[in-house]
Amino acid sequence: MANAVFESPRQLEDAYALMADGLARPIAGATDALVQADGDLDAAHARIVDLWQLEELRGIAQQGDTLVIGALTTYTDIRRSPLIQETLPALAAAASTIGAAQIQNRGTLGGNIANASPAGDTLPILLAARASIDLGGTRGERSVSADAFWTGYRQTARQRDELILRVRFPILDGHRVWFRKVGTRRAQAISKVVMAAAWHPSTNGAWHDVRLALGSVAERPIRAIETERAIEGRRPSAALADQAAKVLIAEIRPIDDVRSTAAYRRAVAGGILHRLLSTT
Amino acid sequence: MKMALQVNGERHVVGVSGARRLLDVLREDLGLTGTKEGCGEGECGACSVLVDGAVVDSCLVPVGQVTDASIVTVEGLAADGVLNPLQQAFLDTGGAQCGMCTPGMLIAGQAFLASGEEATDDHIREAIAGNLCRCTGYTKIIEAIALAAERSA
Amino acid sequence: MVDTIVARRPVPGRAQLPPRREGPAKLTGAATFTDDLVVPGAWYGLTIRSTEPRARLVSVGFDHQFDAHDVVLVTADDIPGENVVSLISDDQPVLVPIGGEIRHFAEPLALVAAPDRSAVRAARAHVIVATEPLDPVFDPLESREEFSRYELERGDVDEAMAAADLIVDEIYRVGHQEQLYIENQAMIAIPREDGGVTVHGSLQCPYYIHRAMKRALRLDDDQAVVIQEETGGGFGGKEEYPSMIALHAALLARKCGKPVRMIYGRNEDISATTKRHPAIIHYRTGVAGDGRLLAHDIEIVVDGGAYRTLTPVVLSRAVLQAGGPYHCRNIRVRGRAMATNTPPNGAFRGFGAPQIGFADETQVNRVAATLDISPLVLRRQWIYRQGDTTPTGGRLDDSLGLSDVLEAATGTTQFEANRARAASQGRVGPVTSGIGLALGWHGAGLGGSGEVRTAAVASVELTADGRIRILTGSTEMGQGTKTILPQLVAEELGVPYTDVEIAPQDTSVVPDSGPTVSSRTAMVVGGLLVGAARHLRREVEERTGAPFAEAYKKAGPLRIDERFRPYPNVTFDDEQLRGDAYPAYGWGAAVARVEVDRDTGEVHVIECTAADDLGRVIHPVLAEGQVEGGTLQAIGYATIEEIKLQGGRYLNDRLATYLIPTSLDAPKITSILVEKPFTGAPHGAKGVGELPINVAAPAVVAAIHDAIGVWINELPATPERVLQALGSFPEHAS
């Protein structure tokens, strides 16, 4: 059987050229790619563009009031970054729940985004924290908001000739971003429900600019718009917790699968939102 | 394609597809069968090796990605037939039972010891959370890593 | 020499312990597991499996376009002998014959081999299987096919029940559990010049495979050779299934004339090989108002899966251990094992006891809660005392450390004080904690007259060149066989541990010491070797007039074969189920502390203390390793290990979906070894392999109850079940 053509460009322009016909399979840390190929990339793909050597896609930096994270940044890099700990600790928390050391040393933020699993652990944070995703190719660069990025089951706005370059998060003064993952075990678990919330608490304690996003409850990571509306402008309280949890349980449409049940996912999503609103 | 690999301090030239799993190249092309396959999908950690000091699952690494890297497998831990301090601690505490998770555990433990993190129970547990063991309940593995850290302190 | 390293860990009151015999090899990567063997010219074999739970096999073969040169296909027609995997009964075929019935998903239908992996995968894609579907049965309660049945009764259960002040009537359910040894099943077959086949594999029982090969391949004793390679865990999962794989590899090797590697991937291993039997256990317990145990009425239904395999023995252990380690004058136990169209269930550490142990102990804890008596106080009242008899009438006179383990585990953990503290703290906040207690027991050795029928042999020889060598078919799979057996022999002979070798587990070299199962190796085979060593020593000393240690190097060759003889005063009637069901029992107690998140139903076991009476402990570090590992497997069974079925197929057939505890899920495990020597064995050892897995699961369930006030009657206590028990969502919502 023929081996895959395996190319490891070191310059972004070279990578763009290799991607240009839209037929190559890009890989980064390969933690999903090799699983999906059942361990045999040669059998699964004719051409592979290995992005691992593209140093310019690595790194975490603040540019003005924007946090910019390169697509090849690993979960380990994210966990260890003082800048992320300071500006977006929820992302570091999410990164620390993915696999364990072996996966965190190889898995990348760009890979999590491109793989587009409904259970992708960082994705609700991107939705809640208003991230935008920069894409590039021979046709140039463009930026897509996280809201518009995941379009269906493992479908994204990335065109086949494009690469994910970096993610931008606005650094908003006084904003809180919160993250919670529920899996079956405490490491190496794929989420049953993953939730992120962002809000701006006003001086009287009311929450504004509320964004609530979830994974593992739909065919793609989603925002819970109706629940956001139910919380917007109100102060957390037992009554609000009851009401918002009820709205959320009605809003999401999870399924039964090998990992959990729809009923459990609903109850847990409601339960952890309830806890957030009654204890914050 | 021809590529050079640095494994346990030795340079090897192999002619393989860059898409092949590092695990297979180690076991089949270089005869380093100490690295084990337990699941082939990055869940069990039996195939753990160090790549430039970082612990990774070699079943999830296309070999073409590590041609410039320094790779350490379990065979690279003991020097001249003398167990290294972590291996010795595993032997002393009973940290190895069936032996199948052991190479990966040692590699994860080695990465942890090299990190300089304080060898608390919690830190050790987190460091080996990607390595499944079905024999020990992890008790004596954690004890071994703590003992190795203590002896080297 | 790495072999001379002595464990530095000080163990009070003991000489320094030898390190694990094969430890250095395992720690350096030098140990060779089956897939590590380099066999020049070997082909790769694959199994063609059914994709239906029940059907008639109409045909199987390559499609017409396929160029099948340099590929072999084996079907049932290629089997020279009987088409059975020899075990208890002859119902399971090596390959389903044309016209035969496919009885479960993933059943072997045919085999292919080719010179390399990609060629064999390509060949598999060209195999066409034609079937006619048949109606499957998945629910053991609806099944009409019974594999076995046992009934046991003493006293007058109905009368005692009528006199009870309280009857606790509960139904318990447990699901499948996967052994999940880290090394997948693996076998390599090499054709022999004498027309036979040698197999090298990952296995527990070389002589099971030897017998299976002789029958299905029509070989004589010498033509079938089975060699155990380093085995990366077994836990029962490599008791019977390796016979199937060895036959498959051997059939392919004979057909292509080359060595053939059959190395399972994880997905195939989980999909096709045996699991712990699911069970439904109906328990009625009658007690007096003061807590006295009056009667048990127990009904056990075990799901055997598609073939009988070892199911009758699993059921018999569940029946014989039903009622738990408590004296009960009036007890009725009815057990039946039913066939379903699911992959056969088989041996897994505990072997029927973890299922019944969960039900027994949860029942005791429920009685205590209902009567508002401490579960410790109630157990003190109920447990077996010296001279009590088991439901089969076996007298417990010897080696009864039950009260000792109960007091050790509860004393160390300050169980009563902690229970009171948890209760007084109330259930505030999302996470609440609880503590739970359970006891357990495990009959060591094969049950009933099993040891007598097996008539195991183990030998010690002095070679002509003056070496001491143990010859036994007992296998090392991580539990420590290769360390403790030389230890026992060295001690008996008065020579250093390192002077005693152990011969490879190769059927052409070692005798049949019986299967390496049922917590029997340390007790039974260890006892045989102590006996053999004793005879050897006497003979050498009588012959030379010098102490053995000085004389032995020039005293060979000399070999002593020791054959099993019944233990004194141990008898059993297999027909009537009367007498001593097991030669000796191990006794265990566990105290678990958990935290339960009431928002998510997640259970985190924080701490588990296990006290186990193993008889005389041969190697404390290895014995603790058994207790710790068995305890964590029990905690996995109690909390997260679950197989979901759809149409007779396991949905959790990968490591990403069948989850076992990681180091972060594992509690701090403390093991306390209690030694009540078994006087029937010359060295006083009982078994340790299985006991710990019987105990911790019900302790976890009791701790969950203590934490959140609800009982979980079905294992595992997944977050889904816990939330449901808390009433957080309706049963059939979605």
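Which side chains meet in a salt bridge at 2.4 Å, N to O? In this predicted model, the partners are B:K36 and C:D36. The pair belongs to the contact between chain C and chain B, where the count of salt bridges is eight. Polar contacts were also counted across this boundary. With both partners at pLDDT 80 or more, 24 residue pairs are in polar contact between chain C and chain B.

Three elements of chain C each supply at least two residues of the side that touches chain B. They are α1 (23–28), α16 (620–639) and β27 (668–674). The largest share comes from α16(C), with eight residues. By class, this side of chain C has 26 nonpolar residues, alongside 16 polar and 16 charged ones. In total, 58 residues of chain C are in contact with 47 residues of chain B. The two chains bury about 4100 Å² between them. Carbon and sulfur atoms account for 57% of that area.

Chain A was examined for its overall form. The chain contains 13 helices and 14 strands. Its C-alpha atoms fill a box of roughly 60 × 45 × 30 Å along the principal axes. The radius of gyration of chain A is 19 Å. This agrees with a compact globule of 280 residues, for which a value near 19 Å would be expected. Of the 280 residues of chain A, 57% count as buried. Among contacts in chain A with a separation of 6 or more, 60% are between residues 24 or more positions apart.

Salt bridges were then considered over the whole structure. Side chains of opposite charge can pair when their charged atoms come close. Over all chains, the structure holds 82 salt bridges. One of them, in chain A, joins A:R166 to A:D134, with the closest N and O atoms 2.9 Å apart. A:R166 lies in strand β10 (residues 163–170) and A:D134 in strand β6 (residues 132–137), so the pair ties together parts of chain A that are 32 residues apart in sequence. Both A:R166 and A:D134 are buried.

In chain C, C:R215 forms a salt bridge with C:D90. The closest N and O atoms of this pair are 2.8 Å apart. The pair links distant parts of the chain, 125 residues apart. C:R215 sits in helix α4 (residues 206–217) of chain C, while C:D90 is in the loop between β3 (72–74) and β4 (101–102). C:R215 is partly exposed, with a relative accessible area of 24%. C:D90 is also partly exposed, at 43%.

A further salt bridge in chain C brings together the side chains of C:E642 and C:R721, at 3.5 Å from N to O. C:E642 lies in the loop between α16 and β25 (645–646), and C:R721 in helix α18 (residues 719–725), so the pair ties together parts of chain C that are 79 residues apart in sequence. The two residues fall on either side of the 20% cut-off for burial. C:E642 has a relative accessible area of 18% and is therefore buried. C:R721, at 22% relative accessibility, counts as partly exposed.

Salt bridges in chain C also form a network. The network links the acidic residues C:E153, C:D158, C:D169 and C:D297 with the arginines C:R284, C:R332 and C:R334.

Notes:
Residues are numbered from 1 along each chain as its sequence is written. Chains are lettered from A and ligands numbered from 1 in the order in which they are written. This is a predicted model: local features need pLDDT of at least 70, side-chain atom pairs count only at pLDDT 80 or more; totals for chains, interfaces and linings use all residues. Side-chain values use heavy atoms; hydrogens and water are left out. Contact means heavy atoms within 4.5 Å. Buried area is the accessible area (1.4 Å probe) that two parts lose on being put together, summed over both. A salt bridge is a side-chain nitrogen of Lys or Arg within 4 Å of a carboxyl oxygen of Asp or Glu. A polar contact is a pair of N or O atoms within 3.5 Å; within protein, one must be able to donate a hydrogen and the other to accept it, and residues adjacent in sequence count only if both atoms are side-chain atoms. Helices (H or I, at least four residues) and strands (E, at least two) are DSSP runs, numbered from the N terminus. Ala, Val, Leu, Ile, Met, Phe, Trp, Tyr, Cys and Pro count as nonpolar, Asp, Glu, Lys and Arg as charged, and the others, Gly among them, as polar. The radius of gyration is taken over C-alpha atoms; the globule rule is 2.2 Å times the number of residues to the power 0.38. Buried means under 20% relative accessible area, exposed over 50%, partly exposed in between (1.4 Å probe, protein chains only).
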